[in-house]
Amino acid sequence: MAYRKEPHYNHGQPAKTAVLFCNLGTPEAPTAPALRRYLGQFLADPRVVEIPKFIWMIILHGIILRIRPAKSAEKYATIWTPGGSPLKVWTERQAQLLEQLLQARGHHVQVPYAMRYGQPSVEKRLDEFKAAGVTRVLVLPAYPQYSGATTASVLDMVFDWGKKVRTLPEFRMVNHYHDQPQHIEALKQSVLAHWAQHGKPEKLVMSFHGMPERTLHLGDPYHCECHKTGRLLGEALGLSRDEYVVTFQSRFGKAKWIEPYTEPTLIELAKQGTKRVDVMCPGFSSDCIETLEEIDQEAREAFMHAGGEVFHYIPCLNDNELGMHALADLVEQHLQGWPTKVAFDAEEGKRAHERAIAMGAKY
């Protein structure tokens, strides 16, 4: 076996801990060539598309990558920011804030971010850890709900990197946090803050990313975890069962996906006389193409065209204060037993806390 070149082993080196915060990924620019590279990597993942590889590669390279990149680039262009795609901007900010919050709590850890598809890659970050002498790594996927197509795919990349490394760090993995009380509370407060400003809707629509229905029958817990998040949030908000609905978006291909689908649900609500809906996406840790374009643009237009009058999109948690503290709580739970605490004096702790606050516009 050919191993990756790695630093010379340093006998007696002190243990170092890092948290690798992993999100899905993003193209480097809202252009067809950039989307072709990104989609080529994303859609070639057998965790994402479970079709026999030989057949799928013909479809992917012969049809999809010839047509879809240009259309996707047009959509990305409508949400692109000076700092890049929103997912990249928010993921980078979340990693920085999480590191600052953990340091303010006395943990001596690094928290860089990585992308499953695109850059900076998981492999790149793990190589950097090796060079820095990191001996313990907590892998934190940004997905609240577990799915083989998301969480497991991140872990695949970690394990693939490990096959090429002689001296492996100690790993821990966070599978999900869909029912973490602090996370549900953060979602609740974000909704209440929106309602305090805009009033309460007739229906709250919680839209999660879709998955083929066969994944549910094959044992993937994603569908159930989405519904649990929806139920817990509905209960926390004091909503009756007919005041909210859980839906699934982003259907791809002709196969049946888990239902109900988001856009058809919104159209039906409008046709039934619902005048105002609020839509949120509790399956996304940060705003991205699926929330800002698919929901806040396409789904909004569909609802209004079908007779709806008021459509509000409630943003993802992004750098929300309670959401960031919920992530810090989650990390602390999974760091237990690893000696990450350092002796901060009072002034250093205060400065770390002030840095965390200064980085968050909502703090």
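This briefing goes through the internal spaces, backbone geometry, salt bridges and a surface patch of the structure above.

The structure is a predicted model, and every value below is computed from it. By the rule applied here there are 3 cavities of 30 Å³ or more, and the largest of these holds about 90 Å³ of space. The model also holds 22 salt bridges, and a group of nonpolar residues that includes I58 forms a patch on the surface.

**Cavities and a pocket**

- Rolling a probe the size of a water molecule over the atoms shows where empty space is left.
- The largest cavity, with about 90 Å³ of space, has a lining made up of Q94, Y177, Q180, H183, F284, S285, L317, N318, G323, M324, A326 and L327.
- Helix α11, which covers residues 321-335, supplies the largest share of that lining with 4 residues, and by class the lining of the largest cavity divides into 6 nonpolar and 6 polar residues, with no charged ones.
- The second largest cavity has a volume of about 60 Å³, and its lining consists of H183, L187, M280, C281, P282, F284, I314, P315, C316 and L317.
- In the lining of the second largest cavity, 9 residues are nonpolar, 1 is polar and none is charged.
- H183, F284 and L317 appear in the lining of the largest cavity and also in that of the second largest cavity.
- Among the pockets, the second largest has a volume of about 240 Å³; its lining comprises 14 residues, and E6, Y9, Q13, K130 and T167 are the ones that lie nearest its centre.
- The lining of this second largest pocket includes 3 charged residues, alongside 5 nonpolar and 6 polar ones.

**Backbone geometry**

- The peptide bond that runs from Q119 to P120 is cis, with omega near -5 degrees, and P120 is placed in the loop between β3 (113-117) and α4 (122-132).
- E259 and P260 are likewise joined by a cis peptide bond, for which omega is about 5 degrees, and P260 sits in the loop between β7 (244-249) and α9 (262-271).
- The loop between β7 and α9 also holds S250, a residue that has a positive phi of about 65 degrees although it is not a glycine.
- S250 has a relative accessible area of 14%, and therefore counts as buried, given that the cut-off for buried is under 20%.
- N318 is another residue other than glycine with a positive phi, in this case near 50 degrees, and it is found in the loop between β9 (310-314) and α11.
- N318 counts as buried because its relative accessible area is 4%, and N318 is also one of the residues that line the largest cavity.

**Salt bridges**

- Side chains of opposite charge can pair when their charged atoms come close.
- R125 and E128 meet through their side chains in a salt bridge, with an N to O distance of 3.1 Å; both residues lie in helix α4, where they are 3 residues apart, about one turn of the helix.
- Within this pair, R125 is buried, with a relative accessible area of 12%, whereas E128, at 33% relative accessibility, counts as partly exposed.
- A salt bridge at 3.4 Å, N to O, links the side chains of R231 and E235, which both belong to helix α8 (residues 222-236) and are 4 residues apart, about one turn of the helix.
- R231 has 38% relative accessibility, so it counts as partly exposed.
- R37 and E28 form a salt bridge in which the closest N and O atoms are 3.9 Å apart, and both of these residues are exposed.
- R105, D329 and E332 are connected to one another in a network of salt bridges.

**Nonpolar surface patch**

- I51, F54, I55, I58, I59, I63 and I67 make up a nonpolar patch on the surface, and together they have about 670 Å² of accessible area.
- I58, one of the residues of this patch, is located in helix α2, which covers residues 53-77.

Conventions
Residues numbered from 1 in each chain as written. Predicted model: local features only at pLDDT ≥ 70, side-chain atom pairs only at ≥ 80, totals over all residues. Heavy atoms only, no water. Patch = residues over 30% accessible without salt bridge, like charges linked within 9 Å, V, L, I, M, F, W, Y side chains within 5 Å. Areas by Shrake-Rupley, 256 points an atom, 1.4 Å probe, with all protein chains shown as cover. Salt bridge = Lys/Arg side-chain N within 4 Å of Asp/Glu carboxyl O. Helix = DSSP H or I, 4+ residues; strand = E, 2+ residues; numbered from the N terminus. 1 Å grid on protein atoms, 1.4 Å probe; cavity = no way out; pocket = protein on both sides within 12 Å on 5 of 7 lines; lining within 4 Å. Points joined across faces, edges and corners; volume = space filled by probe spheres on them. Nonpolar A, V, L, I, M, F, W, Y, C, P; charged D, E, K, R; others polar. Buried < 20%, exposed > 50% of the residue type's maximum accessible area, 1.4 Å probe, protein only.
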